[in-house]
Amino acid sequence: MLLASTRRLRAEVLIVLGLSLGQSAVYSVVQLLDKMTSAPLSQATSTLNRSQSTREYFDLTYQLLDIAFALVPVVLVFYFLSMHRQTAESPSGFTRLGFNFARPGRDALQGLGLAALIGIPSLGLYAAGRALGITTAIIPSGLDSYWWTVPVLVLSAMRHAVVEEVIVVGYLLDRFGKFGWSTPLAIVLSALLRGSYHLYQGFGPFIGNAVMGLVFGWIYTKTKRVMPLVVAHAILDIVAFVGFSVFGKAIGLG
């Protein structure tokens with residue numbers, strides 16, 4: 001019975017990752033190989049938040065659809081978590097992962113502190129990676145300037161924060177624990193996955209995001225809340241996306 005339950009959970013994890021960040025990791029590796037075999041990484045460019053149409057309102061529609069559908073695996077995660085509640089009184093998936101507004105002030109302050117802790121060294125790592133030729137030029141926003149550009153970039157940043165922290169930290173650490181894996185191993189695997197789907201940006205971002213994953217994973221095991229991580233990640237990406245869009249210069253991402 002226990003073996004069947006573990007197999008079911010492993011299949012569940014593969015489904016979630018296959019529909020979300022596991023798929024992104026596979027594409028990222030292929031994109032990295034494509035870039036490395038066509039020119040030096042230092043000459044390559046990685047553009048986030050690409051424009052998808054030259055027609056303003058079709059581009060807006062595509063952007064909003066991408067954001068909405070990217071959140072579907074998060075909904076699937078909470079659906080799976082709700083399926084395995086033992087009783088009606090058991091904590092909901094939102095409570096188990098700490099994805100709620102139970103302590104907004106503390107979550108916001110912790111998120112701001114984490115953003116500062118991760119964001120400032122990330123700029124130095126980006127510069128070092130560019131100097132060493134192991135990081136592509138990162139363009140956080142390739143969107144044209146419309147009235148909706150900044151709001152969409154903010155929504156995009158929030159989408160990335162929710163998807164990554166809920167799935168890669170909260171959900172995977174919960175499931176890895178049920179597989180019987182040790183906490184250090186679970187954190188390392190989670191961090192390596194985080195780094196792997198950033199490989200299309202080069203090896204510098206892989207290292208930086210893997211380190212970020214180790215820090216975030218360790219903090220989650222202490223707090224059992226993904227909300228501070230979501231806040232921190234959202235701040236990092238909003239600064240990068242909107243900062244580039246407004247000021248027009250490359251910014252390293254966390």
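## Salt bridges in this model

A salt bridge is a side-chain nitrogen of Lys or Arg within 4 Å of a carboxyl oxygen of Asp or Glu. The structure shown above is a predicted model, and by this rule the count of salt bridges in it comes to 8.

## The pairs around D107

One of these salt bridges is formed by R225 with D107, and the closest N and O atoms of the two side chains lie 2.7 Å apart. This pair links distant parts of the chain, since R225 sits in the loop between α9 (203-223) and α10 (227-247), while D107 belongs to helix α6 (residues 104-132), and 118 residues separate the two.

D107 also forms a salt bridge with R103, where the closest N and O atoms are 2.8 Å apart. Is D107 buried or exposed? D107 has a relative accessibility of 1%, and because buried means under 20% relative accessible area, D107 counts as buried. R225 is buried as well, so both partners of the R225 and D107 pair carry that label.

## The network around D174 and R175

A further salt bridge joins R175 with D174, with 2.7 Å between the closest N and O atoms. R175 has a relative accessible area of 0% and is therefore buried, and D174, at 17% relative accessibility, counts as buried too, because its value falls under the 20% cut-off.

Which residues are joined with this pair into one network? Salt bridges that share partners connect E12, R96, D174, R175 and K178.

Terms used:
Residues are numbered from 1 along each chain as its sequence is written. This is a predicted model: local features need pLDDT of at least 70, side-chain atom pairs count only at pLDDT 80 or more; totals for chains, interfaces and linings use all residues. Side-chain values use heavy atoms; hydrogens and water are left out. Buried means under 20% relative accessible area, exposed over 50%, partly exposed in between (1.4 Å probe, protein chains only). Helices (H or I, at least four residues) and strands (E, at least two) are DSSP runs, numbered from the N terminus.
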